[in-house]
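Please walk me through this structure, taking the strands first and then the contacts between side chains.

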Amino acid sequence: MATQPDPALPGGTLLGDYVVVRKIGGGGFSLVYQARDAAGESVAIKEFLPAAVASRAPDSTRVEVGDPDSLRVFRHGMKCFFEEGRTLATIDHPNVVRVLNFFRANDTVYMVMRYERGKTLQQHIVAHAGQVREGFIRRVFAQLLNGLREVHTHKLLHLDIKPSNIYIRLDGSPV
């Protein structure tokens, strides 16, 4: 399937009980949006949209898959993404992203998470010109490893741990 320049949903798009504000991230398998819930609170919404097999339908919010082989891959991925959301929603740990909701819409699935203010570990490293203090590293990684242990006890694996996927909240705690 041809890759689109930016398949992100535009601001103002209604997703269930949420309104998309803007795209805030994404990778090969998903896009992440800042959105507002019915009470006006910010949330993050992760949309399952694997660029290798799916794309946004032209002039639509719908996700489409071209051929039958890709459709099988997409459906399996969608099932795994949904199950991951279901499992993560049961975890309440300060260093694991808090999943608030998950739902199907637009022929794909979405995971609603607590919106965290701060910056990625990658941004922190760049901002400190590679001079990250040992105390910071020890504190952050001890907390991250505690969170990772909690994820593993629920039989989940995080297969993409890297500085750009580690978020440092305004209070300095990682998630």
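The paragraphs below go from strand pairing to aromatic rings and then to charged side chains. The model is a predicted one.

A good place to start is strand 8, which covers residues 108-114. How many of its seven residues are buried? Six of them are, so strand 8 is mostly covered under the cut-off of 20% relative accessible area. Strand 8 has strand 4 as one partner, and the two run antiparallel, joined over five bridges. Strand 4 itself spans residues 42-48. Strand 7, made of residues 99-105, also pairs with strand 8 in the antiparallel sense, here over six bridges.

Val-112 of strand 8 shows both pairings at the level of single residues. Ile-45 has Val-112 as its bridge partner, and Asn-101 stands opposite Val-112 as well. Strand 7 and strand 8 form a hairpin with two residues between the strands. In that hairpin, Asn-106 takes a positive phi near 55°.

The aromatic rings come next. A count over the structure gives five aromatic pairs. One of them is formed by Phe-48 and Phe-74, whose ring centres are 5.3 Å apart with 35° between the planes, a tilted arrangement. This pair links distant parts of the chain, since Phe-48 belongs to strand 4 and Phe-74 to helix 1, 26 residues apart. Are these two residues buried or exposed? Both Phe-48 and Phe-74 are buried.

Phe-48 also pairs with Phe-81. Their ring centres are 5.4 Å apart and the planes meet at 40°, so this pair is tilted too. Because Phe-48 lies in strand 4 and Phe-81 in helix 1, the contact ties together parts that are 33 residues apart in sequence. Phe-81 is buried, as is Phe-48.

Elsewhere, Tyr-18, Phe-103 and Tyr-110 make up one aromatic cluster. A ring can also face a charged side chain: Arg-104 lies over the face of Phe-82, at 4.5 Å from the ring centre.

The charged side chains remain. How many salt bridges does a search of the whole structure find? The search finds eight. One of them joins Glu-47 and Arg-56, with 2.7 Å from N to O. Both Glu-47 and Arg-56 are buried.

Another salt bridge lies within helix 1, which runs over residues 68-88. There Glu-83 meets Arg-86, and the closest N and O atoms are 3.3 Å apart. The two residues are three apart in the helix, about one turn. Glu-83 counts as partly exposed because its relative accessibility is 35%, and Arg-86 is partly exposed at 40%.

A further salt bridge connects Arg-169 with Glu-116, the closest N and O atoms being 2.9 Å apart. This pair links distant parts of the chain, 53 residues apart: Arg-169 is in strand 10 (residues 167-169), while Glu-116 is in the loop between strand 8 and strand 9 (118-120). Why does Arg-169 count as buried? Its relative accessible area is 14%, and buried means under 20%. Glu-116 counts as buried as well, because its relative accessibility is 16%. In addition, Arg-62, Glu-64 and Asp-107 are joined into one network by salt bridges that share partners.

Note on methods
Residues numbered from 1 in each chain as written. Predicted model: local features only at pLDDT ≥ 70, side-chain atom pairs only at ≥ 80, totals over all residues. Heavy atoms only, no water. Salt bridge = Lys/Arg side-chain N within 4 Å of Asp/Glu carboxyl O. Buried < 20%, exposed > 50% of the residue type's maximum accessible area, 1.4 Å probe, protein only. Helix = DSSP H or I, 4+ residues; strand = E, 2+ residues; numbered from the N terminus. Pairing = 2+ DSSP bridges. Phe/Tyr/Trp six-rings, centres within 6.5 Å; stacked < 30°, edge-to-face > 60°. Lys NZ or Arg CZ within 6 Å of the ring centre and 35° of its normal.
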